Amino acid sequence: MFLRSLQTVAGGGAKLDEERRRALDLALRYFRESAPKHTADEEESLFPRLESVDDPEVIAALVKVEELERDHREAEGLHRRVDELGMRWLETGELSSCDLAEFGKAVARLGEIYPAHIEVEDAVLFPAAARALSAAQKAEIAAEMALRRSVKLTSL
Ligand SMILES: [Fe+2]
């Protein structure tokens, strides 16, 4: 949803009106706060636990982990640039055509990365994890994810 809103903002011309300014501000905040948590959920909590599981489906799924980590690195760089340009845009209300083109290109590239990335996570990795990890491992992952978000878990 926030990626779509960045795409809409990017396609609307160099001068920001109030509606696009709000959409841009919200989307930048979302990615600044949530994207690093997603990466940490997977790279610090999920992937290391999967690597310790001796299960053929998980071992096959782990081949995809390298791909997902590559996506995370590329997306991080793109988000950094989108954030820099977007903050400048919010401050000045207008972007140069060169910066606007770069912003649009970075957002478009994110739009290419995410669908395939999410498909691999949803179709391959998460089902394998759901089946192969123990209840205790899942509870540990949930607790770590909650801690990253300062959420208190009442039941697991
Ligand atoms: Fe991911």
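In which helix is Lys37 found? Lys37 sits in helix α2, and the legends below come back to this residue after a look at the whole chain. Please keep in mind that the model is predicted.

**Figure 1. The whole chain is built from 5 helices and 0 strands.**
Following the sequence from start to end, you will meet the pattern α-α-α-α-α. The C-alpha atoms occupy a box of roughly 55 × 35 × 20 Å along the principal axes. Of the 156 residues, 38% count as buried. Among contacts with a separation of 6 or more, 75% join residues 24 or more positions apart. The chain exposes about 9100 Å², and carbon and sulfur atoms supply 56% of that area. As for charge, there are 22 positive and 31 negative side chains, with the centres of the two sets 5 Å apart.

**Figure 2. Five protein residues donate to the iron ion: His38, Glu42, His72, His117 and Glu121.**
The three histidines, His38, His72 and His117, each offer NE2, while Glu42 and Glu121 each offer OE. These donors lie 1.9 to 2.4 Å from the iron ion. If you would like to find them in the sequence, look for the spacing H-x3-E-x29-H-x44-H-x3-E. Glu42 belongs to helix α2 (residues 18–51) and His117 to helix α4 (residues 97–132), so this pair ties together parts of the chain that are 75 residues apart in sequence. Are Glu42 and His117 buried or exposed? Both Glu42 and His117 are buried.

**Figure 3. Phe2 and Tyr30 form a stacked aromatic pair.**
The structure holds 3 aromatic pairs, and this view shows the one between Phe2 and Tyr30. A pair of aromatic rings is described by the distance of the centres and the angle of the planes. For Phe2 and Tyr30, the centres are 4.5 Å apart and the planes meet at 15°. Why does this pair tie together separate parts of the chain? Phe2 lies in helix α1 (residues 2–10) and Tyr30 in helix α2, so the pair links parts that are 28 residues apart in sequence. Phe2 counts as partly exposed because its relative accessibility is 21%, just as Tyr30 counts as partly exposed at 36%. Together with Phe31, these two residues make up one aromatic cluster.

**Figure 4. The rings of Trp89 and Phe103 meet edge-to-face.**
Here the ring centres are 5.1 Å apart and the planes stand at 75°, so the pair counts as edge-to-face. Trp89 is part of helix α3 (residues 56–92) and Phe103 is part of helix α4, so the pair ties together parts that are 14 residues apart in sequence. Trp89 and Phe103 are both buried.

**Figure 5. Lys37 of helix α2 touches Arg148 and Arg149.**
Now back to the residue that opened these legends. Which residues does Lys37 touch, not counting residues up to four places away in sequence? With those neighbours set aside, Lys37 touches Arg148 and Arg149. Lys37 has a relative accessible area of 25%, so this residue is partly exposed. For a sense of scale, the C-alpha atoms of Lys37 and Asp55 are separated by 27 Å, with the two residues 18 apart along the chain.

Key: Residues are numbered from 1 along each chain as its sequence is written. This is a predicted model: local features need pLDDT of at least 70, side-chain atom pairs count only at pLDDT 80 or more; totals for chains, interfaces and linings use all residues. Side-chain values use heavy atoms; hydrogens and water are left out. Helices (H or I, at least four residues) and strands (E, at least two) are DSSP runs, numbered from the N terminus. Buried means under 20% relative accessible area, exposed over 50%, partly exposed in between (1.4 Å probe, protein chains only). Contact means heavy atoms within 4.5 Å. Accessible areas come from the Shrake-Rupley method with a 1.4 Å probe; for residues, only the protein chains shown count as cover. Lys and Arg count as positive and Asp and Glu as negative; His and the chain ends are not counted. The place of a charge is taken as NZ of Lys, CZ of Arg, CG of Asp or CD of Glu. Donors are N, O and S atoms within 2.8 Å of the metal (3.2 Å for Na, K and Ca); water is not among the atoms, so sites may look incomplete. Rings of Phe, Tyr and Trp (its six-membered ring) pair if their centres lie within 6.5 Å; planes under 30 degrees apart count as stacked, over 60 as edge-to-face and the rest as tilted.
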